[in-house]
Amino acid sequence: PGSMEGTGSIVGTLKWTSGVMGTGGTKTIAVNGTLLVSGAADKDLRCSLNNLGTVLWTGGRILGHASPIITNQPGAVFESRVDATLFESGDGTTKTFYNLGTVRKIASTGTSTWHGTFNQSGALEIHTGVLALNENFAPMTGSSLTTYLGGLTVGSQFGQLRVLGSS
């Protein structure tokens with residue numbers, strides 16, 4: 001485990017398998033860049049993450065300390081292929097996800113639990129499983145929510161959005 005400090009850009013592919021991304025500053029994933037979040041170990045986001053490319057999340061929780069912000073820009077993709085937790089920490093700081101691009105939950109059939117405020121002005125696609133937003137969900141005019149239907153079984157045959165906070 002290590003840490004990535006300060007401000008910087010990811011131009012190629014960065015594999016994040018454990019450790020801390022932060023403290024402070026903004027990490028930017030370039031237009032053709034990819035952040036591959038994999039492995040069972042926890043990762044801890046302690047900064048702002050500005051995605052212009054692709055985030056592919058396939059393993060482990062992404063904790064959130066020190067008021068992390070993820071901004072998924074227009075044209076960018078944040079794809080979750082794991083049933084895991086985003087922004088779990090219990091430290092009392094504000095956690096925020098701004099989606100102006102595409103957020104996609106696919107390939108996992110259980111529940112992914114996301115904490116913090118989810119500001120939705122892009123596309124939210126839930127192919128399989130349940131996306132549980134445990135705090136605030138703020139859909140904006142022009143945003144879209146798509147769930148895919150393939151049968152009657154929740155999770156494995158269709159996706160579901162569950163909002164536990166305000167919307």
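Which residues does Asp-44 touch, not counting residues up to four places away in sequence? In this predicted model, where contact means heavy atoms within 4.5 Å, Asp-44 touches Trp-16, Gly-19, Val-20, Met-21, Leu-63, Gly-64 and His-65. Asp-44 lies in strand β6, residues 43-51; strands (E, at least two residues) are DSSP runs, numbered from the N terminus. Asp-44 counts as buried because its relative accessibility is 6%, the term buried being kept for values under 20% relative accessible area (1.4 Å probe, protein chains only).

Attention now turns to the aromatic rings. The structure holds eight aromatic pairs. Rings of Phe, Tyr and Trp (its six-membered ring) pair if their centres lie within 6.5 Å, and planes over 60 degrees apart count as edge-to-face. Trp-57 and Phe-78 form one edge-to-face pair, at 6.3 Å centre to centre with 70° between the planes. This pair links distant parts of the chain, with Trp-57 in strand β7 (residues 54-57) and Phe-78 in strand β10 (residues 77-80), 21 residues apart. Both Trp-57 and Phe-78 are buried.

Phe-78 also pairs with Phe-97: the ring centres are 5.1 Å apart and the planes stand at 90°, so this pair is edge-to-face. Here too distant parts of the chain are linked, since Phe-97 belongs to strand β12 (residues 96-99), 19 residues from Phe-78. Phe-97 is buried, as is Phe-78. Through ring pairs, Trp-57, Phe-78 and Phe-97 join Trp-114, Phe-118 and Phe-137 in a cluster.

Residues are numbered from 1 along each chain as its sequence is written, and side-chain values use heavy atoms, with hydrogens and water left out. In this predicted model, local features need pLDDT of at least 70 and side-chain atom pairs count only at pLDDT 80 or more, while totals for chains, interfaces and linings use all residues.

Key:
Helices (H or I, at least four residues) and strands (E, at least two) are DSSP runs, numbered from the N terminus. Buried means under 20% relative accessible area, exposed over 50%, partly exposed in between (1.4 Å probe, protein chains only). Rings of Phe, Tyr and Trp (its six-membered ring) pair if their centres lie within 6.5 Å; planes under 30 degrees apart count as stacked, over 60 as edge-to-face and the rest as tilted.
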